[in-house]
Amino acid sequence: MLNPRTILRRLGILAATTATVALAVGMVSGLSGAISARATGIEVPTAAPPVPVSVTPLARVEGFTAIRRFTGQVEARESTTLAFERGGTLAEIRVDEGQEVAGDAVVARLDTRALDAEAVALRAQRTALEAQAELARLTTERQAELETRGFAATQRLDEARLGLAELQARIAETDARLLAIDIELDKSVLRAPFTGRVGTRLVDTGAAVSAGTPLLELLEESAPEVRVGLPPHLAATLALGESLEVDISGRRYTTTLTQLRPDLDPVTRTQTAILTLMEGETPLYGQIATLLLPEEVAAAGAWVPTAALRPGLKGLWTVLVAVDGPDGAVVAQEAVELLYTDEARALVRGTFVDGAQLINGGTHRVTPGQRISTRES
């Protein structure tokens, strides 16, 4: 049985605890009321307006025209390395690299002093033979007259006649040697076989050259050509005289297909096509030229701007489309696969439906699920 003191102590503890709890409850109620009153005094913010975006309907196509590119090289229609047919010392070379040369113009000469001296000696020899031949002719005439009158033997007449024939033969031989010297003199002058421009110059004045030693390269400037290798199945679709487009250093040129070689290149296994540029077109020889050859391709898909593509998972890409939501248009994401791309657009197929509203600009400003306002472009 508890004594009175213990009972009084426990009653005091209970009273103090009750008072503390009552005070805490009062404070919580007061704070809650203050917070509630303050919250009711703040204005609720309005929702952000929809982001304006431009959209384009996705239209399905069953095929497209692809531009195949084949690399070739610009070449001169005619090019040759000029050389003398005979050896000698180069006395003069009249042209330099890059200089324009007219057809049949003299570009170089050999030293011909030895030939000139030999020609002078042969002409003097011919003059002496002509004098001897004239004497032999007169002798023959006199012997013939004497033989008729019986004052000369037949043998003397034969000797005179045959001596004249021998001299005439020696004169003909001298003429032939003079003609050979004229030919050698003509071969000592090098002329341009066609109008063109000098490429590489390989020798200088004073050099001793042998027959066939290359002196310089001459390139024809009119109507340059492009030589390009094509797969045989594509070459078979082309016709001589057909107009084709090539790209040279970012500039487009119109060419005409002039030749298709009947054989295959043993290294590339392609058929060589020769394209002639229009008159007045003068790209640099040796430049890389790209033939732009259109080819029809059967592939179902839709065209989208390349700027609308976003990287996706596992090698796929995504596009953003506008779909109807409960409060207006919202952004949705569709997975696509690339079929073909060019400079500004791509052909894709994917999870979108035909006629879907593609967001074609400002895709970095929106995310899937975001409210938008659309305008068609």
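Reader: How much surface does the chain expose, and what share do carbon and sulfur atoms supply?

Author: For this predicted model, think of surface as total area first, then as who provides it. Here the chain exposes about 23,100 Å², with carbon and sulfur atoms supplying 56% of that.

Reader: And what percentage of the residues count as buried?

Author: That one is a per-residue tally: 31% of the 377 residues.

Reader: Okay, which element has the lowest mean pLDDT, and which the highest?

Author: Start with the general idea: where pLDDT is low, the predicted coordinates should not be read in detail. In this chain, helix 1 (residues 4-40) sits at the bottom with a mean of 63, while strand 6 (residues 106-110) tops the elements at 95. Overall, the chain averages 85, and 86% of the residues score at least 70.

Reader: Let's zoom in. Where is arginine 86 found?

Author: Look in the loop between strand 3 (79-83) and strand 4 (88-93).

Reader: Is arginine 86 buried or exposed?

Author: The cut-off for buried is under 20% relative accessible area. Arginine 86 comes in at 17%, so it counts as buried.

Reader: Which side chains make polar contacts with the side chain of arginine 86?

Author: Glutamate 184 is one, at 2.8 Å. The side chain of serine 188 is another, also with a 2.8 Å polar contact.

Reader: What else is arginine 86 in contact with, leaving aside neighbours within four places in sequence?

Author: The list includes Leu110, Leu115, Lys187, Ser210 and Ala211.

Reader: How much of the chain's contacts come from residues 24 or more positions apart?

Author: Counting contacts with a separation of 6 or more, such pairs account for 73%.

Methods:
Residues are numbered from 1 along each chain as its sequence is written. This is a predicted model: local features need pLDDT of at least 70, side-chain atom pairs count only at pLDDT 80 or more; totals for chains, interfaces and linings use all residues. Side-chain values use heavy atoms; hydrogens and water are left out. Helices (H or I, at least four residues) and strands (E, at least two) are DSSP runs, numbered from the N terminus. Buried means under 20% relative accessible area, exposed over 50%, partly exposed in between (1.4 Å probe, protein chains only). A polar contact is a pair of N or O atoms within 3.5 Å; within protein, one must be able to donate a hydrogen and the other to accept it, and residues adjacent in sequence count only if both atoms are side-chain atoms. Contact means heavy atoms within 4.5 Å. Accessible areas come from the Shrake-Rupley method with a 1.4 Å probe; for residues, only the protein chains shown count as cover. pLDDT is the predictor's confidence in each residue, from 0 to 100.
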